[in-house]
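The following exercises concern salt bridges and surface exposure. Each task is followed by a solution that proceeds step by step.

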Amino acid sequence: MDLVVSGVGHAYGALPVLEGIDLHVASGEIVAVLGPSGCGKSTLLGIAGGLIEPGAGAVRLRGEAPPRCLNALTYVFQDFALLPWRDVAANVALPLEHHGLGRAEIARRVDVALERIGLAEFRGAWPRQLSGGMRQRVGIARALVVEPAVLLMDEPLSALDAQTRDLLLEDLIALWRATRFTALYVTHNLAEALRLAHRVVVLSRRPGRVREVVEVPFDPDARGTPEANAALARIQERLWGLIRDEARDAEREILAHDA
Amino acid sequence: MTPERPVPFRGGGFAPRRRRFVALAAFAVLLGAWELAGRGGWISPIFLPRPGTILGALGDLVRSGALAEHLGASLFRIAAGWTLGSALGFAAGLAIGLFSLARSAGIPIVSALFPIPKIALLPLMILWLGIGEASKVATIALGVFFPTVIAVYAAVDAVPRNLIRMAQSFGVPPAAILRKVVLPGAWPAILSGFRITASIALILVVSAEMIGAQRGIGQFVLQAGNLMIPEDLLAGIVVLSALGLGIGALIGTIERATTRWR
């Protein structure tokens with residue numbers, strides 16, 4: 001199932017944050033969205049998932065959803081958004097509870113999702129007992145349990161320390177290799193985008209417009225060879241040039257506004 | 001030779017901890033000193049009877065059945081008034097917490113009426129409902145209603161919006177979001193509100209019983225004062241204190257049982 005974003009624009013009051021965004025995420029593809037702070041990345045993700053009504057344009061899903069899909073557009077949140085009064089299994093079960101599934105079927109699907117993400121032995125733990133990385137794994141298991149057509153990932157690793165981030169990034173790549181999930185992945189981390197995405201969309205400073213779309217020429221699981229590393233280093237340099245200029249301009253705008 | 005000196009420890013204090021036995025010892029010392037002062041004649045029994053005398057009066061009240069009669073009347077009024085005020089306050093607070101129309105209309109009304117000392121409304125309640133139980137129950141219900149409204153809508157406001165957005169992103173129906181996200185998230189703060197309203201109910205029941213009642217702990221304390229029987233008066237106050245502690249302990253137990261996740 002493809003995600004198609006056409007001419008999307010949005011403003012908060014008189015403040016425009018997004019303008020004329022066109023984007024196409026094909027089935028099995030991970031598209032990263034990069035841009036300076038305040039350029040509307042999270043707003044774009046909110047619009048893509050139907051949580052924010054766009055001021056202009058539209059978002060469409062094209063094609064058939066996977067056969068067992070219960071929630072076509074499914075988020076993975078930066079702050080995990082786990083219910084602290086539910087244990088791990090109950091958190092993962094939440095999105096299944098209003099689909100008329102029996103208890104045994106819910107438990108079975110939860111077990112499969114927790115197994116897939118390596119948290120089966122923590123099914124009875126409270127969120128407060130888990131590390132940041134484990135909490136995000138629960139968030140990912142909760143997203144996977146509904147067998148989504150498209151994952152909408154809002155800086156899912158930015159609240160984690162560098163080591164946990166690398167581990168989880170490897171887990172995501174392994175998961176993509178196994179399931180070929182489709183994702184729109186918002187991040188401000190260039191290395192993360194280049195490790196995971198097939199294409200990187202760079203947004204300009206506010207109001208965010210698509211400044212450039214960069215193809216990454218290797219599948220996520222084929223990166224790491226000397227040839228791939230050299231190509232990725234060149235792309236990283238180019239992307240950093242784009243983002244640095246936008247971030248500097250955005251910073252100057254904020255300073256001028258504050259003055 | 002380079003001079004050396006030890007680094008002094010500077011990190012002590014500002015971390016008070018509770019020690020259970022110190023609390024018990026403090027009570028024992030206080031009561032013992034009071035008892036000794038009474039026995040030694042340093043405190044007049046007319047002004048402040050000894051703890052032993054008060055305990056004796058309490059025993060007499062239990063044996064005669066007067067305690068059960070007065071306590072039963074007060075407990076009924078507290079239970080009825082608190083339940084009514086809490087139920088209505090919970091519904092109104094939830095509506096204000098969830099719906100724009102209820103919020104726009106409700107908050108100004110609650111803000112305007114909340115500061116009125118509710119015991120001042122007892123004469124009006126008596127005028128409307130008569131001198132019987134209904135006016136006392138209504139006064140307690142009014143006193144409980146407003147703080148409950150405020151506690152509930154503030155608790156609903158404090159539920160992290162990202163949790164509600166998360167549930168919406170999974171297509172969880174609104175009624176289920178209320179049941180599975182909003183209410184459990186608001187519950188600890190609502191319980192804190194219940195703790196406060198239980199104390200308000202206790203204050204109001206005593207005040208209402210002092211103004212017009214045949215039975216009840218408040219009426220018993222007032223009568224003991226009028227008849228110059230200070231040991232009965234203080235026995236009544238001990239009962240009120242125990243009642244307050246008992247209600248607090250009950251809410252504490254509910255809190256521990258329902259918020260194990262914290």
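**Exercises on charged pairs and a nonpolar patch**

A:Arg68 has a relative accessible area of 39% and is therefore partly exposed. The structure is a predicted model, and the exercises below refer to that model.

**Exercise 1.** Determine which parts of chain A are tied together by the pair A:Glu147 and A:Arg68.

*Solution.* Step 1: A salt bridge joins A:Glu147 to A:Arg68, with 3.5 Å between the closest N and O atoms. Step 2: A:Glu147 is located in the loop between helix 4 (132–144) and strand 6 (150–154) of chain A, and A:Arg68 in the loop between strand 4 (56–62) and strand 5 (73–76), so the pair ties together parts that are 79 residues apart in sequence. Step 3: The relative accessibility of A:Glu147 is 28%, so this residue counts as partly exposed.

**Exercise 2.** Establish whether A:Arg86 is buried or exposed, and describe its pairing with A:Glu97.

*Solution.* Step 1: A:Arg86 and A:Glu97 form a salt bridge through their side chains, at 2.9 Å from N to O. Step 2: This pair links distant parts of the chain, 11 residues apart: A:Arg86 is in the loop between strand 5 and helix 2 (88–93) of chain A, and A:Glu97 is in the loop between helix 2 and helix 3 (103–116). Step 3: Buried means under 20% relative accessible area; A:Arg86 has 13% relative accessibility and therefore counts as buried. Step 4: A:Glu97, with a relative accessible area of 29%, is partly exposed.

**Exercise 3.** Locate the salt bridge between A:Arg108 and A:Glu105, and then state which residues are joined into one network.

*Solution.* Step 1: The side chains of A:Arg108 and A:Glu105 meet at 3.2 Å, N to O. Step 2: Both residues belong to helix 3 of chain A and are three residues apart, about one turn of the helix. Step 3: A:Arg108 is partly exposed at 38% relative accessible area, and A:Glu105 is partly exposed at 23%. Step 4: A network is formed by A:Arg86, A:Glu97 and B:Lys180, which are joined by salt bridges that share partners. Step 5: Over all chains, the count comes to 18 salt bridges.

**Exercise 4.** Identify the residues that make the nonpolar surface patch of about 470 Å², and place B:Trp128 within its chain.

*Solution.* Step 1: The patch is made by B:Leu124, B:Leu127, B:Trp128 and B:Leu129. Step 2: B:Trp128 is part of helix 5 (residues 122–129) of chain B. Step 3: Exposed means over 50% relative accessible area; B:Trp128 has 60% relative accessibility and so counts as exposed.

Conventions:
Residues are numbered from 1 along each chain as its sequence is written. Chains are lettered from A and ligands numbered from 1 in the order in which they are written. This is a predicted model: local features need pLDDT of at least 70, side-chain atom pairs count only at pLDDT 80 or more; totals for chains, interfaces and linings use all residues. Side-chain values use heavy atoms; hydrogens and water are left out. Patches are made of residues with over 30% relative accessible area and no salt bridge: like charges are joined within 9 Å, nonpolar side chains (Val, Leu, Ile, Met, Phe, Trp, Tyr) within 5 Å. Accessible areas come from the Shrake-Rupley method with a 1.4 Å probe; for residues, only the protein chains shown count as cover. A salt bridge is a side-chain nitrogen of Lys or Arg within 4 Å of a carboxyl oxygen of Asp or Glu. Helices (H or I, at least four residues) and strands (E, at least two) are DSSP runs, numbered from the N terminus. Buried means under 20% relative accessible area, exposed over 50%, partly exposed in between (1.4 Å probe, protein chains only).
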